[in-house]
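Hello,

Here is the structure I promised to pass on to you. Please have a look at it first, and then read on for what turned up.

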Amino acid sequence: MRIDVLTLFPGMFVGPLDESIIKRARESGRLDLEIHNLRDYTHDRHRTVDDRPFGGGPGMLLKPEPIFEAVEALRREGTRTVLLSPSGRVFTQPVARELAELPHLLLVCGSYEGVDERAREVLMDDEVSIGDYVLTNGALPAMVLIDAVTRLLPGVLGHEESAADESFSAGVLEGPHYTRPAEFRGMKVPEVLLSGNHAEIARWRADQARQRTVLRRPDLLRSGSSAPDGE
Ligand code: 9D3
């Protein structure tokens with residue numbers, strides 16, 4: 001998959017996307033990722049990307065000209081142009097799966113108070129928020145999206161990791177896990193896990209997961225759907 005990112009803060013993307021699984025996905029060619037500076041698509045001597053809102057009000061808006069130039073230069077046939085914005089549809093695992101099917105994402109990071117409505121209306125195919133809290137700009141949300149989408153691309157995760165996903169995320173939280181030693185600072189691993197009784201272990205785990213979900217995320221149980229990841 002090809003992903004292009006348009007941002008005012010390209011430096012924020014250095015580091016997080018150069019580690020671990022994303023790094024491997026890039027090295028193997030399964031993810032082709034490029035970061036672009038919106039300022040490179042300006043023509044005035046101050047490289048102006050923002051301006052004050054007509055009608056007044058707080059903050060600044062991204063002006064349309066650089067966004068139009070950049071998006072028109074970077075998109076092609078089959079591109080999904082996605083604006084990261086607090087007003088977007090909320091990013092969930094089903095949305096990640098939907099985007100992972102596409103050949104090319106062009107992610108446009110919102111900044112300041114937002115973008116000129118004409119750029120949103122004409123250029124954006126989709127608009128995504130990562131949740132109901134206020135961030136300073138759309139760069140971290142873009143990285144969250146890239147991370148969630150990349151691990152779904154064919155061949156990026158090992159078979160064990162991806163299979164684990166399917167069976168354990170069926171609408172409940174995970175229960176507790178333990179590794180060696182069997183006793184640590186007086187704290188013992190639950191006896192059942194050492195018993196070798198796999199049917200009883202499975203029952204215990206399912207019960208622990210259900211209890212934890214009732215306590216922490218009752219919304220997951222009441223939401224109706226029993227499909228994996230809440231689809
Ligand atoms: C005064 C209204 N604010 C919206 C709640 C304005 C505003 C705040 C923060 C406009 C943009 C931003 C910067 N945030 C993003 O661009 C953003 C974001 C977020 O803040 N939370 C969750 N997801 C996202 S995706 C992009």
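A good place to start is Ile3. Apart from its neighbours within four places in sequence, Ile3 is in contact with Leu31, Asp32, Leu33, Glu34, Leu105, Leu107 and Ile146. Please keep in mind as you read that this is a predicted model.

Ile3 also belongs to the largest nonpolar core, which has 31 residues; Ile3, Phe91, Leu107 and Leu145 are the members that touch the most others. At least two residues of this core come from each of strand 1 (2–7), helix 1 (20–27), strand 5 (79–90), helix 3 (93–100), strand 6 (104–109) and helix 5 (139–150). Helix 5 makes the largest contribution, with 7 residues. There is also a second, separate core of 17 residues, and among its members are Leu38, Ala70, Leu106 and Ala119.

Helix 5 deserves a visit of its own. Of its 12 residues, 9 are buried, so the helix is mostly covered. The buried ones are Ala139, Pro141, Ala142, Met143, Leu145, Ile146, Ala148, Val149 and Thr150. Its length also works out: at 1.5 Å a residue, the 12 residues of helix 5 should span 16 Å, and this agrees with the 16 Å between its end C-alpha atoms.

Next, strand 6. Is it buried or exposed? All of it is buried, 6 of the 6 residues, so strand 6 is largely enclosed by the rest of the structure. You can see this on both faces: His104, Leu106 and Val108 are buried on one side, and Leu105, Leu107 and Cys109 are buried on the other.

Strand 6 also has partners to look for. It runs parallel to strand 1, and 5 bridges join the two. Val5 stands opposite Leu107 in this strand. Strand 6 is parallel to strand 5 as well, with 6 bridges between them. Here Leu107 turns up again, as the bridge partner of Val82. If you follow the chain through strand 5, helix 3 and strand 6, you will trace a right-handed β-α-β unit.

Now for the wider view. The protein is divided into two domains, with domain 1 covering 2–150 and domain 2 covering 167–222. Between the C-alpha centres of domain 1 and domain 2 there are 39 Å.

Finally, a few backbone details to look up when you have a moment:

- Arg180 and Pro181 are joined by a cis peptide bond, with omega at about 5 degrees. Pro181 lies in the loop that runs between helix 6 (159–168) and strand 8 (183–184).
- Arg47 is not a glycine, yet it has a positive phi of about 50 degrees. You will find Arg47 in the loop between strand 2 (32–37) and strand 3 (50–51). Its relative accessible area is 36%, so Arg47 is partly exposed.
- Arg185 has a positive phi too, near 50 degrees, and is likewise a residue other than glycine. Arg185 sits in the loop between strand 8 and strand 9 (187–188). Which label does Arg185 get for its accessibility? It counts as exposed, because its relative accessibility is 74% and the cut-off for exposed is over 50%.

If you would like one residue to return to, try Leu107: it is among the core members that touch the most others, and it is in contact with Ile3.

Enjoy exploring, and best wishes!

Conventions: Residues numbered from 1 in each chain as written. Predicted model: local features only at pLDDT ≥ 70, side-chain atom pairs only at ≥ 80, totals over all residues. Heavy atoms only, no water. Core = buried A, V, L, I, M, F, W, Y, C linked by side-chain atoms within 4.5 Å. Buried < 20%, exposed > 50% of the residue type's maximum accessible area, 1.4 Å probe, protein only. Helix = DSSP H or I, 4+ residues; strand = E, 2+ residues; numbered from the N terminus. Contact = heavy atoms within 4.5 Å. Expected span 1.5 Å × (residues − 1). Pairing = 2+ DSSP bridges. Right-handed = clockwise from strand over helix to strand, strands pointing away. Domains from an automatic or database assignment.
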